[in-house]
Amino acid sequence: MAYNEDDYLMLSGIQHFQFCKRQWALIHIEQQWEENVKTIEGQHLHRNADKPFTREKRGDKLVVRGMPVKSNKLGISGICDVVEFKRSDHGVEVFGAEGKYVAYPVEYKRGKPKTNDEDILQLAAQAICLEEMLLCEIEVAYMFYNEIKHRVEVPITLEIKHKVQRIFSEMQDYYRRRHTPKVKTGSFCKSCSLHNICLPELMTKRTVKSYVEGKIME
């Protein structure tokens with residue numbers, strides 16, 4: 001399916017979508033947002049990594065920061081914190097550089113490795129964009145976690161690429177219909193930056209009238 005660039009989804013939205021589909025819709029469809037400590041810390045970390053269009057040569061490695069990427073197939077666009085190009089005869093040509101290079105996207109996160117795959121899906125989406133743009137294949141990417149000050153190698157498998165494609169297809173369907181779904185609430189709601197906007201308490205079987213009356217009686 002061909003997508004109009006004006007309607008491209010934000011690549012980073014896949015992380016919101018995996019955390020909570022409703023949160024993603026509130027941000028990306030209804031354009032609602034609130035800051036909390038975690039989002040501000042994350043922005044500070046990315047400001048240090050994202051220095052748009054800067055290149056740094058380190059021996060046989062070319063480091064590009066704040067690199068814009070997109071995928072026409074998925075209908076997404078975004079920014080890679082860092083893309084490292086390592087010189088290799090098995091790589092591809094890079095504009096403005098001599099020789100051939102293999103690309104490795106590197107994503108910076110404020111916390112530590114998660115037990116779910118939110119971060120991995122975002123990184124894989126970046127890899128898919130780079131593959132489409134550079135006409136190459138990316139099998140490995142990296143995640144740098146600020147809390148542990150350590151880089152983690154992430155295999156970019158066909159399985160994870162197919163999962164990214166399925167998820168963005170679902171996201172595109174919601175976006176096209178401008179649909180904000182209801183979701184099953186849980187303890188994770190307390191850490192959500194949109195808790196006061198989403199009001200997950202209203203998604204229970206309790207009526208709005210009952211909820212309002214309860215707040216009045218508090």
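Thr180 is buried, with a relative accessible area of 19%, where buried means under 20% relative accessible area, exposed over 50% and partly exposed in between, computed with a 1.4 Å probe on protein chains only. Its place is in the loop between helix α5 and helix α6 (195-198); helices (H or I, at least four residues) and strands (E, at least two) are DSSP runs, numbered from the N terminus. Thr180 touches Arg22, Ala25, Leu26 and Glu30, not counting residues up to four places away in sequence, and contact means heavy atoms within 4.5 Å. With Glu30, the side chain of Thr180 also makes a side-chain polar contact of 2.7 Å. A polar contact is a pair of N or O atoms within 3.5 Å; within protein, one must be able to donate a hydrogen and the other to accept it, and residues adjacent in sequence count only if both atoms are side-chain atoms.

The structure is a predicted model, in which local features need pLDDT of at least 70 and side-chain atom pairs count only at pLDDT 80 or more, while totals for chains, interfaces and linings use all residues. Residues are numbered from 1 along each chain as its sequence is written, and side-chain values use heavy atoms, with hydrogens and water left out.

The protein as a whole has seven helices and seven strands, which follow one another along the sequence as β-α-α-α-β-β-β-β-α-β-β-α-α-α. Of its 218 residues, 42% are buried. Among contacts with a separation of 6 or more, 60% join residues 24 or more positions apart.

Two of the residues that Thr180 touches, Arg22 and Ala25, are also among the buried residues of helix α2. This helix, residues 21-28, is mostly covered, as seven of its eight residues are buried. Trp24, another buried residue of α2, is one of the residues with the most contacts inside the largest nonpolar core, together with Phe85, Val164 and Phe168. A nonpolar core is a set of buried Ala, Val, Leu, Ile, Met, Phe, Trp, Tyr and Cys residues joined through side-chain atoms within 4.5 Å. This core has 43 residues, and the elements that each supply at least two of them include α1 (13-19), β3 (61-71), β4 (76-93) and β6 (140-145). The largest share, nine residues, comes from α4.

Helix packing is the next topic. Two packed helices are described by the angle between their axes and the distance between the axes. The axes of α4 (residues 118-134) and α5 (residues 158-177) come within 9 Å and cross at roughly 95°; axes are lines fitted to C-alpha atoms, for helices over the stretch in contact, and angles run from 0 to 180 degrees between N-to-C directions. The two helices are therefore roughly perpendicular, a term for angles of 65 to 115 degrees. On the α4 side the contact includes Leu121, Ala124, Ala125 and Ile128, and on the α5 side it includes Val164. Val164 touches these four α4 residues and also Ile14 and Leu74, not counting residues up to four places away in sequence.

Strand β5 holds Ala103, which counts as buried at 5% relative accessibility. Ala103 touches Val83, Glu84, Phe85, Leu134, Ile138 and Val140, not counting residues up to four places away in sequence. By contrast, Arg110, in the loop between β5 and α4, is partly exposed, with a relative accessible area of 31%.

Conventions:
Parallel < 35°, antiparallel > 145°, perpendicular 65-115°, else oblique.
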